[in-house]
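User: Please take a close look at one charged side chain in this model and what it pairs with. Then follow the trail outward to other side-chain contacts, and say which residues are buried and which are exposed.

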Amino acid sequence: MLNKLLNRVSTASSLPHKLLWYFSIVAIVIGLTLYLSMFGLMQWIEDAVNQQELKTSAPYAISLFQQGAKQPLNIGLHTQAFYSTDLIPQKYGDLTKFPVGFNGEVVNNQSTDILHEWLSSSRPNLGGMVPKEIFLYRGEFVLDGQLTPLFMITPTESVELSEREWHLIKLFILCFIGVMFILFGFVIHKLSCRLVDPVAQLSKQLKSPESNKRFTVPEQSATEFTELADSLNDYRQQNEMMIKQEQAFARYASHELRTPLTVISGAAKLQEQNNAAEFQARQRSRIQRAALDMQHTIDALLNLVKQENATSSTPLRLLQQAEIESITQPLQALAKGKGIKLSVDFKQAPTIKPTSAVLRMLLSNLIGNAINASDSGEITISVNSDEIIITDNGRGLSASEHDSANGHGHGHGLGLLIVDSLCQRYQWQFSLSDIKPIGCCARLTFPQADR
């Protein structure tokens with residue numbers, strides 16, 4: 001039954017009751033063991049004291065008999081000494097059958113022990129018979145030149161606790177065990193409730209339809225439960241952020257892929273309208289460039305969605321100036337149309353991990369934002385061994401770009417969200433700041449391991 005009770009699957013809220021039942025069973029077993037042990041120990045001590053009293057009184061009785069003392073010899077209030085069996089009261093029976101040196105309790109002329117005495121005291125007398133119980137010490141001594149037996153007798157009713165007194169002691173022991181049982185049961189129940197309550201609350205909060213509610217546990221909960229609640233809050237926040245990012249990535253991918261598809265579709269229609277070789281070559285070039293841009297966009301987005309550990313799986317490579325120029329080249333026409341000069345200041349080749357597709361998406365977004373935020377002036381891409389800096393003379397940061405710079409993850413055309421996610425992926429530091437009096441600075445700082 002106990003094994004079935006412990007192995008039954010239960011909820012957290014029922015665990016305190018389950019533990020209370022378990023404790024009750026164990027406590028009852030321990031209580032009965034203590035009760036029997038204490039009761040037996042008290043009876044043993046009582047008998048041992050009386051037996052020791054008889055044994056130590058024997059030399060004194062022998063001395064008095066040798067000096068001529070008469071039988072029965074009273075020693076103390078309850079003990080009598082005999083050396084002649086004829087004078088021993090008949091109610092005690094024949095005591096000569098006990099060997100010399102015997103020292104113990106005798107019931108109805110039979111030697112007894114603690115177990116027999118405990119069993120006798122725990123059941124009523126049958127037939128109205130009153131047992132004759134004495135403590136007997138059997139010895140011998142020399143009297144008038146002859147070896148003479150010695151019998152020292154103490155009636156148990158004179159030195160032992162009465163039946164009523166034993167009942168009171170039993171009642172006290174049972175009451176004491178009962179009080180301790182209730183007290184410890186109450187403490188165990190309270191402690192188990194305190195231990196289980198945080199789990200029950202967290203389970204209830206997990207099932208709650210309120211998605212934005214924070215996980216909490218009682219203040220008096222153990223530190224581990226507080227840490228668990230904090231971890232759940234962090235997990236929920238990261239999960240919600242990932243969902244928002246996935247939604248933003250879907251919108252961004254749709255926008256980025258629609259643009260080259262529009263270019264390809266438009267160029268294909270133009271080819272049908274003019275068969276001139278130069279015109280056809282120009283349209284084919286537009287189609288190839290749009291298809292290449294689409295491929296780069298797809299590669300970068302796939303790299304971001306795979307959720308792989310880029311720092312361990314991607315090898316280091318040396319960034320060349322030609323790669324930077326190939327990234328800026330498609331943007332030159334857009335910049336020139338707004339009267340903006342796009343220049344590259346390649347000071348020192350850095351060692352980086354992002355692939356060409358990822359780097360193209362990073363820089364294309366930042367340079368495209370800089371062009372959109374500028375009406376004239378110059379945009380400079382500076383490259384050195386530890387960072388890439390893009391500066392412009394435009395209108396500065398907008399409110400949404402300020403949020404991105406502060407870690408909120410929303411930027412112009414959702415491009416800064418992609419930039420921030422890619423930088424986190426490769427452990428780069430991305431920052432945006434205003435330039436006085438006008439302009440903006442976008443900074444990509446490489447990790448120490450990449451330098």
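Analyst: Start with Glu387. Its relative accessibility is 15%, so Glu387 counts as buried, the cut-off being under 20%. Keep in mind that this is a predicted model.

What does Glu387 pair with? Its partner is Arg443, and the two form a salt bridge with the closest N and O atoms 3.1 Å apart. That lies inside the cut-off of 4 Å, so the contact counts as a salt bridge. The two residues come from distant parts of the chain, 56 residues apart. Glu387 belongs to strand β11, which covers residues 387-392. Arg443 belongs to strand β13, residues 440-445. Arg443 has a relative accessibility of 28%, so Arg443 is partly exposed. A buried acid therefore meets a partly exposed base. Side chains of opposite charge can pair when their charged atoms come close.

How many salt bridges are there in the structure? There are 3. One of them joins Glu323 and Arg317, with a distance of 2.8 Å from N to O. Glu323 is buried at 14% relative accessibility. Arg317 is partly exposed at 21%. Another pairs Lys347 with Asp345, and here the closest N and O atoms are 4.0 Å apart. Lys347 is exposed, at 57% relative accessible area. Asp345 is partly exposed, at 32%.

Back to strand β13, residues 440-445. Now look at its cysteines. The structure contains 0 disulfides. Cys440 takes part in none, and its nearest cysteine sulfur, on Cys441, is 6.9 Å away. Cys441 is likewise in no disulfide; the nearest cysteine sulfur to it is that of Cys440, again at 6.9 Å. Why do these sulfurs not count as a disulfide? A disulfide needs sulfur atoms within 2.5 Å, and the distance here is 6.9 Å. Cys440 counts as buried at 9% relative accessibility. Cys441 counts as buried at 7%.

Next, the aromatic contacts. A pair of aromatic rings is described by the distance of the centres and the angle of the planes. A search of the whole structure turns up 6 aromatic pairs. One of them is Phe65 with Phe141: ring centres 6.0 Å apart and planes at 15°, so this pair is stacked. The contact links distant parts of the chain, with Phe65 in helix α2 and Phe141 in strand β5 (residues 133-143), 76 residues apart. Phe65 is buried, at 2% relative accessibility. Phe141 is buried too, with a relative accessible area of 4%.

Phe141 has a further ring contact, with Tyr83. This pair is edge-to-face, at 6.3 Å centre to centre and 85° between the planes. It also links distant parts of the chain, 58 residues apart: Tyr83 sits in the loop between β2 (79-82) and β3 (103-107), and Phe141 in strand β5. Tyr83 is partly exposed, at 24%. Ring pairs thus link Phe65, Tyr83 and Phe141 into a cluster.

Helix α2 leads to a surface feature. The helix runs over residues 15-66 and contains Tyr22. Tyr22 is partly exposed, with a relative accessible area of 38%. Which residues form a nonpolar surface patch with Tyr22? They are Val26, Ile30, Leu34 and Met38, and the patch measures about 420 Å². An α-helix has 3.6 residues a turn, so residues three or four places apart point the same way.

Is helix α10 mostly covered or mostly open? Mostly covered: 14 of its 17 residues are buried. Helix α10 covers residues 356-372. From its first C-alpha to its last it reaches 23 Å, close to the 24 Å expected at 1.5 Å a residue.

A last stop is Thr156, in helix α4 (residues 156-159). Thr156 is buried, at 4% relative accessibility. Its C-alpha is 8.6 Å from that of Lys132, which is 24 residues away along the chain.

To return to the opening contact: Glu387 in strand β11 and Arg443 in strand β13 link distant parts of the chain, through a salt bridge of 3.1 Å.

Notes
Residues numbered from 1 in each chain as written. Predicted model: local features only at pLDDT ≥ 70, side-chain atom pairs only at ≥ 80, totals over all residues. Heavy atoms only, no water. Patch = residues over 30% accessible without salt bridge, like charges linked within 9 Å, V, L, I, M, F, W, Y side chains within 5 Å. Areas by Shrake-Rupley, 256 points an atom, 1.4 Å probe, with all protein chains shown as cover. Salt bridge = Lys/Arg side-chain N within 4 Å of Asp/Glu carboxyl O. Helix = DSSP H or I, 4+ residues; strand = E, 2+ residues; numbered from the N terminus. Buried < 20%, exposed > 50% of the residue type's maximum accessible area, 1.4 Å probe, protein only. Expected span 1.5 Å × (residues − 1). Phe/Tyr/Trp six-rings, centres within 6.5 Å; stacked < 30°, edge-to-face > 60°.
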